[in-house]
Amino acid sequence: MACVGDDAFFDDLDDALAAWTDGTTLTLLADLAPDAPLTVAAGRDVTLDLNGCVIDRGLTGNAAVKDGNVITVNGALTLTDSSATNSDKTDGTGTIA
């Protein structure tokens, strides 16, 4: 499901998020459908590499308007997509395209 750093692989999203500490990169290895937003804690400076994957909470209608965020950033987040196609999910600078 995800890798933190170069060699810490996780099948469980909660375990991957716990290992996603300051200065590390969380690389997605599969699409995610989390029940709640991913959170970057205050004081953390981390990178999320979409790696061609999608994070979709599956919210529609009023739920999407009220609680539709996918990532809550209280610290600093760099968003990248290192996939071969770059999947048009980011523009390469951390900005969602």
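**Exercise 1. The sheet**

Task: In this predicted model, work out the strand order of the open sheet of five strands and find which strands form its edges.

Solution.
- Start with the order. The five strands of the open sheet run E2-E1-E3-E5-E7.
- Check the pairing sense. The pairing in this sheet is mixed.
- Look for strands that pair on one side only. These are strand E2 (8-10) and strand E7 (76-80), the edge strands.
- Add the twist. From one strand to the next, the average is 20°.
- Place the sheet in the chain. Two helices and seven strands make up the chain. Along the sequence they follow the pattern β-β-α-β-β-β-α-β-β.

**Exercise 2. Both sides of E5**

Task: Determine how many bridges join E5 to E3 and how many join E5 to E7, and whether each pair is parallel or antiparallel.

Solution.
- Recall the general options. Sheet strands pair through backbone hydrogen bonds, in a parallel or an antiparallel sense.
- Take E3 (residues 25-28). This strand and E5 are parallel, with three bridges between them.
- Find a facing pair here. Leu26 is opposite Leu48 of E5.
- Turn to E7. E5 and E7 run parallel too, and five bridges join them.
- Find a facing pair on this side. Asp49 is opposite Thr80 of E7.

**Exercise 3. Asp49**

Task: Describe the setting of Asp49: its element, its burial and its side-chain polar partner.

Solution.
- Locate the residue. Asp49 belongs to strand E5, residues 45-49.
- Classify its exposure. Asp49 has a relative accessible area of 7%, so it is buried. The cut-off for buried is under 20%.
- Find the polar partner. The side chains of Asp49 and Ser82 make a polar contact of 2.5 Å.
- List the contacts, skipping neighbours within four places in sequence. Asp49 contacts Thr25, Leu26, Thr27 and Leu28, along with Thr80, Asp81 and Ser82.

**Exercise 4. Asn51 and Asp81**

Task: Asn51 has a phi near 50°. State what sets this value apart, then find which side chain reaches the backbone nitrogen of Asn51.

Solution.
- Begin with the general expectation. Most residues other than glycine have a negative phi.
- Compare Asn51. Its phi is positive, though the residue is not glycine.
- Place the residue. Asn51 sits in the loop between E5 and helix H2 (61-67).
- Classify its exposure. At a relative accessible area of 26%, Asn51 is partly exposed.
- Identify the side chain. Asp81 reaches the backbone nitrogen of Asn51 at 3.5 Å. The Asp81 side chain also reaches the backbone nitrogen of Gly52, at 2.8 Å.
- Characterise Asp81. This residue lies in the segment after E7. Its relative accessibility is 9%, so Asp81 is buried.

**Exercise 5. The largest nonpolar core**

Task: Name the residues that touch the most other members of the largest nonpolar core, and the element that gives the largest share.

Solution.
- Take the core as a set. It holds 18 residues.
- Pick out those touching the most other members. They are Trp20, Leu26, Leu28, Leu48 and Ile55.
- Assign elements. Two or more residues each come from strand E1 (2-4), helix H1 (13-19), E3, strand E4 (38-40) and E5.
- Find the largest share. H1 supplies three residues.
- Follow Trp20 outward. Beyond four places in sequence, its contacts include Val4, Leu26, Val40, Val46, Leu48 and Leu77.
- Set this against the whole chain. Of its 97 residues, 28% are buried.

**Exercise 6. Leu77**

Task: Is Leu77 buried or partly exposed, and which residues does it touch?

Solution.
- Locate the residue. Leu77 is in strand E7.
- Classify its exposure. Leu77 is partly exposed, because its relative accessible area is 27%.
- List the contacts more than four places away in sequence. Leu77 touches Trp20, Val40, Val46, Thr47, Leu48 and Ile71.
- Compare sequence and space. Leu77 and Ala41 are 36 residues apart in sequence, yet their C-alpha atoms are 9.8 Å apart.
- Widen the view. Among chain contacts between residues at least 6 apart in sequence, 47% join residues at least 24 apart.

**Exercise 7. Cysteines**

Task: Count the disulfides, then classify Cys3 and Cys53 by burial.

Solution.
- Apply the cut-off. A disulfide needs two cysteine sulfur atoms within 2.5 Å. The count is zero.
- Classify Cys3. Its relative accessibility is 5%, so Cys3 is buried.
- Classify Cys53. Cys53 is buried as well, at 7%.

Key
Residues are numbered from 1 along each chain as its sequence is written. This is a predicted model: local features need pLDDT of at least 70, side-chain atom pairs count only at pLDDT 80 or more; totals for chains, interfaces and linings use all residues. Side-chain values use heavy atoms; hydrogens and water are left out. Helices (H or I, at least four residues) and strands (E, at least two) are DSSP runs, numbered from the N terminus. Buried means under 20% relative accessible area, exposed over 50%, partly exposed in between (1.4 Å probe, protein chains only). A polar contact is a pair of N or O atoms within 3.5 Å; within protein, one must be able to donate a hydrogen and the other to accept it, and residues adjacent in sequence count only if both atoms are side-chain atoms. Contact means heavy atoms within 4.5 Å. Two strands pair if DSSP finds at least two bridges between them. Axes are lines fitted to C-alpha atoms, for helices over the stretch in contact, and angles run from 0 to 180 degrees between N-to-C directions. A nonpolar core is a set of buried Ala, Val, Leu, Ile, Met, Phe, Trp, Tyr and Cys residues joined through side-chain atoms within 4.5 Å.
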